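Thanks for coming, everyone. I'll show you one chain and walk through it piece by piece. Have a look at it first.

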Amino acid sequence: MIGMTSYDLQACAGLPAATKQLNDTTQIFIYNGTHAQPNYGGSTLIPVGDIVTTILQFGGGGGTSCTAVIRLDHDRVSDVHYTGDNDEMVGTDGVCSIITRGCARQPEGTMKGSAGGLFGPVSAFHPPRTPNQSTSGTYSTQAGGVVLNPDRKSSDSVIIPRP
């Protein structure tokens, strides 16, 4: 999805649940997704539900919710982060596929390609490599004039003007 325009992002992922304008060139789109936990019911002969629940608990899976935080810089996707109890049995952020599935199934022309290797650079265990953010997408002129106060015993504010 890196490189995709905001129009293409909304065409394949839908309208965001929330947006935040960070500065003149940078905005954040928030998408929420939930995945129902399978219900296996009770069984007296083979306790399938209990076995599956135990495996999910010890295996690190069983997530049901995800929030995708997508940064757009100059109206193009520059960063994607996932948060929530979103891990599947194999890999991380698996529940988040419900948010981005439309973009993956029918790639938009403005998306960055992900070819390479047998399965590409994308894995269930790590995200693809992405370039560093542009300074206009990460730098605030307001934050540039201040620093953290290094003196813990100081009576001054925690944030002080840059010396």
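One cut-off before we start: a residue is buried when its relative accessible area is under 20%, exposed when that area is over 50%, and partly exposed in between. Keep in mind that this is a predicted model.

Let's use the cut-off right away. Take Gln-27, which sits in strand β2. Is Gln-27 buried or exposed? Its relative accessibility is 19%, and the limit is 20%, so Gln-27 counts as buried. What does Gln-27 touch, once we skip its neighbours within four places in sequence? One group of contacts is Lys-20, Gln-21 and Leu-22. Another is Ile-70, Arg-71 and Leu-72. Asp-75 is on the list as well. Hold on to Ile-70 and Asp-75, please.

Now the overall layout. The chain has 163 residues, and 24% of them count as buried. Its secondary structure comes to four helices and six strands. In what order do the elements run from the N terminus? The order is α-β-β-α-β-β-α-α-β-β. Next, contacts along the chain. Take those with a separation of 6 or more: 55% of them join residues 24 or more positions apart.

On to the core. The largest nonpolar core has 16 residues. Which members touch the most others? They are Met-4, Leu-9, Tyr-31, Ile-70 and Val-77. Ile-70 is also one of the contacts of Gln-27. Four elements give two or more residues to this core: α1, residues 6-13; β2, residues 26-34; β3, residues 65-73; and α3, residues 97-105. The most comes from β3, with four residues.

Two of those contributors are helices, so let's see how they pack. A pair of packed helices is described by the angle between the axes and the distance between them. For α1 and α3, the axes come within 8 Å and cross at roughly 110 degrees. At that angle, α1 is therefore roughly perpendicular to α3. The crossing of α1 past α3 is right-handed. Which residues meet there? From α1 we have Leu-9, Cys-12 and Ala-13. From α3 we have Ile-99, Gly-102 and Cys-103. By type, this contact has five nonpolar residues, one polar and no charged. And Leu-9 is one we have met already, among the core members with the most partners.

Stay with α1 for a moment. Asp-8 is in this helix. Its relative accessibility is 17%, so Asp-8 counts as buried. How far is its C-alpha atom from that of Cys-103? The separation is 8.6 Å, although the two residues are 95 apart along the chain.

Now α3. Ser-97 belongs to this helix. Its relative accessible area is 30%, so Ser-97 is partly exposed. Here is another long-range pair: Ser-97 and Gly-33 are 64 residues apart along the chain, with their C-alpha atoms separated by 8.8 Å.

Next, a loop. Pro-16 lies between α1 and β1, where β1 covers residues 18-21. With a relative accessible area of 19%, Pro-16 is buried. What does Pro-16 contact beyond its neighbours within four places in sequence? The contacts are Gln-10, Phe-29, Ile-30 and Tyr-31. Tyr-31 is another of the core members that touch the most others. From Pro-16 to Ala-68, the C-alpha separation is 9.5 Å, across 52 residues of chain.

Last stop: the loop between β3 and β4. His-74 is placed in this loop, and β4 covers residues 76-83. The phi of His-74 is positive, about 55 degrees, and His-74 is not a glycine. Asp-75 lies in the loop between β3 and β4 too. Its phi is also positive, near 65 degrees, again in a residue other than glycine. Is Asp-75 buried, exposed or partly exposed? Its relative accessibility is 29%, so Asp-75 counts as partly exposed. And that takes us back to the start: Asp-75 is one of the contacts of Gln-27, the buried residue we opened with.

That's my tour. Over to you for questions.

Definitions and conventions
Residues are numbered from 1 along each chain as its sequence is written. This is a predicted model: local features need pLDDT of at least 70, side-chain atom pairs count only at pLDDT 80 or more; totals for chains, interfaces and linings use all residues. Side-chain values use heavy atoms; hydrogens and water are left out. A nonpolar core is a set of buried Ala, Val, Leu, Ile, Met, Phe, Trp, Tyr and Cys residues joined through side-chain atoms within 4.5 Å. Buried means under 20% relative accessible area, exposed over 50%, partly exposed in between (1.4 Å probe, protein chains only). Axes are lines fitted to C-alpha atoms, for helices over the stretch in contact, and angles run from 0 to 180 degrees between N-to-C directions. Angles under 35 degrees count as roughly parallel, over 145 as roughly antiparallel, 65 to 115 as roughly perpendicular and the rest as oblique. A crossing is left-handed if the near helix is turned anticlockwise from the far one by less than a right angle, and right-handed if clockwise. Contact means heavy atoms within 4.5 Å. Ala, Val, Leu, Ile, Met, Phe, Trp, Tyr, Cys and Pro count as nonpolar, Asp, Glu, Lys and Arg as charged, and the others, Gly among them, as polar.
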